[in-house]
Amino acid sequence: TKTTKALGMSSARATFGNSIVAWGNDGDHGRCSRAPSLADGETFSSVSAGGHHSLALTSTGRVVAWGFDGHGQCSRAPSLADGETFSSVSAGGHHSLALTS
């Protein structure tokens, strides 16, 4: 079982196998209680905790985000070209970053 830890401003996250465990200040935006679920056949590859939102990368190269979205840091992921996937994610204070493959 792979374990990845990420510390944010008000919460911490860890992946254990096929689920995300989150704890800390949940606030009004579900920073801890709204951790994402997986599609069939997916696993979590990595996780990143930002100031008030978090990101997770799945084994299929899909990015999932949850928490505060006041600046589009969860909902405005760019469209990818055919065959392109995300390979790494990082959550900042009010922004999100991702590398593509």
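A residue counts as buried here when its relative accessible area is under 20%. By that cut-off, 38% of the 101 residues of the protein are buried. The model is predicted.

Start with the overall layout. The protein has 8 strands and 0 helices. Along the sequence, the pattern reads β-β-β-β-β-β-β-β. The exposed surface comes to about 5500 Å². Carbon and sulfur atoms supply 50% of that area. Now take the contacts between residues at least 6 apart in sequence: 36% of them join residues at least 24 apart.

Next, go to the sheet built around β5. It is an open sheet of 3 strands, in the order β4-β5-β6, with antiparallel pairing. β4 and β6 stand at the edges. Each of these two has a single partner strand, so one side of each is left without a neighbour in the sheet. On average, neighbouring strands of this sheet are turned by 20° against each other, direction ignored.

Look at the β4 side of the sheet. Strand β4 covers residues 44-49. It runs antiparallel to β5, and 5 bridges join the two. Two partner pairs help to trace the register. S46 has L57 as its bridge partner in β5. A49 has S54 as its bridge partner in β5. A hairpin of 3 residues makes the connection from β4 to β5.

H52 sits in the loop between β4 and β5. Is H52 buried or partly exposed? Its relative accessible area is 22%, so H52 is partly exposed. The cut-off for buried is under 20%. H52 can also be placed relative to β6. Its C-alpha atom is separated by 9.0 Å from that of W66, a residue 14 positions away along the chain.

Now follow the chain into β5 itself, residues 53-58. How many of its residues are buried? The count is 6 of 6, so this strand is mostly covered by the under 20% criterion. The cover extends to both faces. On one side, H53, L55 and L57 are buried. On the other side, S54, A56 and T58 are buried.

Cross to the β6 side. Strand β6 spans residues 63-67. Here too the strands run antiparallel, with 5 bridges between β5 and β6. S54 pairs with W66 in β6. S54 is also the bridge partner of A49. That residue therefore links to both neighbours of β5, with A49 on one side and W66 on the other. The hairpin of β5 and β6 has 4 residues between the strands. Within that hairpin, G61 takes a positive phi near 85°.

Finally, move towards the end of the chain. Strand β7 covers residues 86-91, and strand β8 covers residues 96-100. The two run antiparallel and are joined by 5 bridges. Which residue of β8 is the bridge partner of S88? It is L99. A hairpin of 4 residues leads from β7 to β8.

How values were computed. Residues are numbered from 1 along each chain as its sequence is written. This is a predicted model: local features need pLDDT of at least 70, side-chain atom pairs count only at pLDDT 80 or more; totals for chains, interfaces and linings use all residues. Side-chain values use heavy atoms; hydrogens and water are left out. Two strands pair if DSSP finds at least two bridges between them. Buried means under 20% relative accessible area, exposed over 50%, partly exposed in between (1.4 Å probe, protein chains only). Contact means heavy atoms within 4.5 Å. Accessible areas come from the Shrake-Rupley method with a 1.4 Å probe; for residues, only the protein chains shown count as cover. Axes are lines fitted to C-alpha atoms, for helices over the stretch in contact, and angles run from 0 to 180 degrees between N-to-C directions.
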